[in-house]
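Work through these exercises with the model open. Each task is followed by its solution.

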Amino acid sequence: MNIGFIGLGIMGAPMAGHLLAGGHTIISAVHNTQPSTDLVNAGLKVVDSFARVAEEAEIIIIMVPDTPQVEEVLFSENGVAAGLSSGKLVIDMSSISPIDTKLFAQKINDKGCGYLDAPVSGGEVGAKAASLTIMVGGSENDFNMATPILELMGSNITLVGENGVGQTTKVANQIIVALTIEAVGEALVFASKAGADPSKVRQALMGGLAQSRILEVHGDRMINRTFDPGFRIELHQKDLNLALQGAKSLGVSLPNTSSTQELFNACTAHGDNELDHSGLVTALERMSNHQVNSG
């Protein structure tokens with residue numbers, strides 16, 4: 001199958017690589033990040049516009065940072081929409097506004113094409129391992145068409161509802177992830193300042209009810225100071241903004257989401273917005289005047 005893939009960054013590059021390895025022809029146009037030599041050597045075809053990608057591909061996948069970038073890719077003068085013909089399918093795997101997603105989907109549907117919002121969770125590790133969780137919003141027919149493609153990139157793939165519901169699910173995911181990172185950070189700062197070895201504390205907690213993927217992966221990052229992204233703080237800030245904006249419109253209170261966002265804001269104020277989101281612990285460390293692994 002000819003598949004368009006726009007957005008070959010930290011997540012997109014390995015995802016596109018899995019599609020190439022699966023025998024598909026991948027067509028791309030540059031969006032911020034130049035394609036890697038490995039992808040080009042594996043057969044990636046680069047064309048000069050997003051519209052051209054849509055002309056040549058049957059399915060077009062988008063994996064860019066935020067709502068404005070998705071809108072640009074889709075609806076700019078030489079955007080994907082300009083190159084679509086009836087029967088094609090657009091899959092947006094970015095994490096963006098559920099409200100805008102519904103508007104984008106309707107515009108694409110009006111051109112006789114399908115649209116899925118299919119944001120992912122699992123970070124760079126999951127992208128490289130093809131083990132992403134993929135939360136899909138859209139029609140069952142479009143989902144069935146996309147499933148063999150999505151299965152090359154993820155291992156937990158769920159159609160959760162109509163267009164926009166995939167993005168709503170991702171926002172819920174990001175609330176849980178952010179608050180759990182914050183909890184792990186607090187626990188490790190507390191234990192370390194009390195004189196315990198944070199590595200041994202983490203090892204002990206991995207066998208109890210506190211066990212989690214975040215304690216396993218991000219707890220290790222906090223202890224070993226490996227804050228190269230991963231998933232950048234500035235992107236998680238964006239996702240929590242979507243949560244807080246949605247909460248305001250729904251009349252829902254998200255007090256701990258709000259306080260965790262303030263910790264991300266504190267990281268950004270110190271110039272740490274490009275750290276992995278496990279770097280949230282640095283805000284807690286500054287407040288406690290103690291670094292997790294300082295003994």
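**Exercise 1. Name the residues that make the nonpolar surface patch of about 200 Å², and place Val-40.**

Keep in mind that this is a predicted model. The patch is made by Val-30, Val-40 and Val-46. Now take Val-40. Helix H2, residues 37-41, contains Val-40. Its relative accessibility is 40%. Partly exposed covers the range between 20% and 50%. Val-40 therefore counts as partly exposed.

**Exercise 2. Decide what the salt bridge between Glu-56 and Lys-45 ties together.**

Start with the distance. The closest N and O atoms of Glu-56 and Lys-45 are 2.7 Å apart. The cut-off is 4 Å, and the pair forms a salt bridge. Next, place both ends. Glu-56 is in helix H3 (residues 50-56), and Lys-45 is in strand S3 (residues 45-46), so the bridge ties together parts eleven residues apart in sequence. Check the cover. Lys-45 has 37% relative accessibility and so counts as partly exposed. Last, look for further partners. Lys-45, Arg-52 and Glu-56 are linked in a network of salt bridges. The count of salt bridges comes to nine.

**Exercise 3. Set the Arg-213 and Glu-216 bridge beside the Arg-225 and Glu-285 bridge.**

Take Arg-213 and Glu-216. Their side chains meet in a salt bridge at 3.3 Å, N to O. Both residues lie in helix H11 (residues 213-224). They are three residues apart, so about one helical turn separates them. Glu-216, at 32% relative accessibility, counts as partly exposed.

Now take Arg-225 and Glu-285. The N to O distance in this salt bridge is 2.8 Å. Arg-225 is in the loop between H11 and helix H12 (233-250), while Glu-285 is in helix H14 (residues 281-288). The pair therefore ties together parts that are 60 residues apart in sequence. Compare the ends. Arg-225 has a relative accessible area of 24% and is partly exposed. Glu-285 has 7% and counts as buried.

**Exercise 4. Find the backbone exceptions at Asn-32, Arg-225 and Pro-229 to Gly-230.**

Begin with the expectation. Most residues other than glycine have a negative phi, and most peptide bonds are trans.

- Asn-32 has a positive phi, near 70°. This residue sits in the loop between strand S2 (25-28) and H2. At 68% relative accessibility, Asn-32 counts as exposed.
- Arg-225 is not a glycine, yet its phi is positive, about 60°. The loop between H11 and H12 holds Arg-225.
- The peptide bond from Pro-229 to Gly-230 is cis, with omega near 5°. Gly-230 is also placed in the loop between H11 and H12.

**Exercise 5. Which ring does the charged end of Lys-107 sit over, and how many aromatic pairs are there?**

Locate Lys-107. Its charged end sits over the ring of Phe-75, 4.9 Å from the ring centre. Then search for ring pairs. The whole structure gives one aromatic pair.

**Exercise 6. Test the overall form against the compact-globule rule.**

Count the residues: 295. A compact globule of that length would have a radius of gyration near 19 Å. The protein has 20 Å, which agrees. Add the extents. The C-alpha trace spans about 65 × 45 × 35 Å along its principal axes. Then the cover: 50% of the residues count as buried. Finish with the secondary structure, which comes to 14 helices and nine strands.

Technical notes. Residues numbered from 1 in each chain as written. Predicted model: local features only at pLDDT ≥ 70, side-chain atom pairs only at ≥ 80, totals over all residues. Heavy atoms only, no water. Patch = residues over 30% accessible without salt bridge, like charges linked within 9 Å, V, L, I, M, F, W, Y side chains within 5 Å. Areas by Shrake-Rupley, 256 points an atom, 1.4 Å probe, with all protein chains shown as cover. Helix = DSSP H or I, 4+ residues; strand = E, 2+ residues; numbered from the N terminus. Buried < 20%, exposed > 50% of the residue type's maximum accessible area, 1.4 Å probe, protein only. Phe/Tyr/Trp six-rings, centres within 6.5 Å; stacked < 30°, edge-to-face > 60°. Lys NZ or Arg CZ within 6 Å of the ring centre and 35° of its normal. Rg over C-alpha atoms; globule rule 2.2 N^0.38 Å.
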